[in-house]
Amino acid sequence: MKVLGLSGSMRKEGNTAQLIQVILGQCKEAGLKTEFVSLAGKKIHPCLGCLKCMEKKWCVIENDDWGSIAQKVLDCEVLVIGSPTYYYDVTGQLKNFIDRTYSLYHDRRLSGKKGIAVAVNASMGAERAAATIEGFLGAHEFASLGSVIGTGTDEGDIMKDAKAVAHAKKTGDKIVRLLKPR
């Protein structure tokens with residue numbers, strides 16, 4: 001798999017998922033292999049801060065969905081990761097996922113991958129949510145391909161944000177240029 005879209009929204013088909021899908025659509029149309037994962041309905045426990053992952057090189061919490069999703073992140077070349085804005089930041093579900101990737105940090109297992117931050121807000125806060133995601137990408141030494149920020153409240157509103165949709169398409173095209181050189 002080459003391009004993974006990961007939505008931290010609790011709405012499986014919400015605005016964040018739709019904006020990520022625009023990016024993935026450009027990639028898929030160009031023949032790249034893509035996959036989309038939503039954290040909606042998934043069980044992602046918070047990090048325990050136990051530091052056992054330093055020795056195990058993997059999170060020791062095994063009774064949730066984190067491991068299978070983390071493996072997909074390890075297997076991708078480009079990660080398109082997004083969140084709606086909840087109180088000026090990412091969702092708790094996505095934050096739990098991000099915190100647990102500390103287990104991959106020790107050996108820089110995500111280093112060298114490419115990443116894109118996606119954030120959607122109703123009226124404000126998306127810049128901070130995108131900054132949180134970019135912080136995650138930077139800490140893991142992803143090569144940043146930028147961010148896409150949009151506005152939408154009700155499901156589907158994001159598609160009315162012409163600027164965000166156009167930027168998402170351009171971002172998808174950028175991925176295609178990087179992964180399918182002429």
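Which side chains meet in a salt bridge at 2.6 Å, N to O? In this predicted model, select Glu35 and Lys72, whose side chains form that bridge. Glu35 belongs to strand β2 (residues 34–38) and Lys72 to helix α3, so the pair ties together parts that lie 37 residues apart in sequence. Glu35 is partly exposed at 26% relative accessibility, and Lys72 is likewise partly exposed, with a relative accessible area of 28%.

Stay on helix α3, which spans residues 66–75, and select Ser68 within it; a polar atom of the Ser68 side chain lies 3.2 Å from the backbone oxygen of Asp65.

Next, select Lys2 and Glu77, where a further salt bridge has an N to O distance of 3.4 Å; Lys2 sits in the segment before β1 and Glu77 in the loop between α3 and β3, 75 residues apart.

Move then to Arg108 and Glu141, whose closest N and O atoms are 3.3 Å apart in another salt bridge. This pair links the loop between α5 (102–105) and β4, which holds Arg108, to the loop between α6 and β5 (143–151), which holds Glu141.

For the interior, select Leu6, Leu79, Ile81 and Phe97, the residues with the most contacts inside the largest nonpolar core, which has 30 residues. Elements supplying at least two residues each include β1 (3–7), β3 (78–84) and α6 (126–139), and α6 gives the most, with six. Apart from this core lies another, of 22 residues, among them Val22, Val80, Val148 and Val176.

Finally, centre on Leu79, whose contacts beyond four places in sequence include Leu4, Val73, Ile116, Phe136 and Phe142.

Methods:
Residues numbered from 1 in each chain as written. Predicted model: local features only at pLDDT ≥ 70, side-chain atom pairs only at ≥ 80, totals over all residues. Heavy atoms only, no water. Helix = DSSP H or I, 4+ residues; strand = E, 2+ residues; numbered from the N terminus. Polar contact = N/O pair within 3.5 Å; in protein donor to acceptor, adjacent residues only side chain to side chain. Core = buried A, V, L, I, M, F, W, Y, C linked by side-chain atoms within 4.5 Å. Buried < 20%, exposed > 50% of the residue type's maximum accessible area, 1.4 Å probe, protein only. Contact = heavy atoms within 4.5 Å. Salt bridge = Lys/Arg side-chain N within 4 Å of Asp/Glu carboxyl O.
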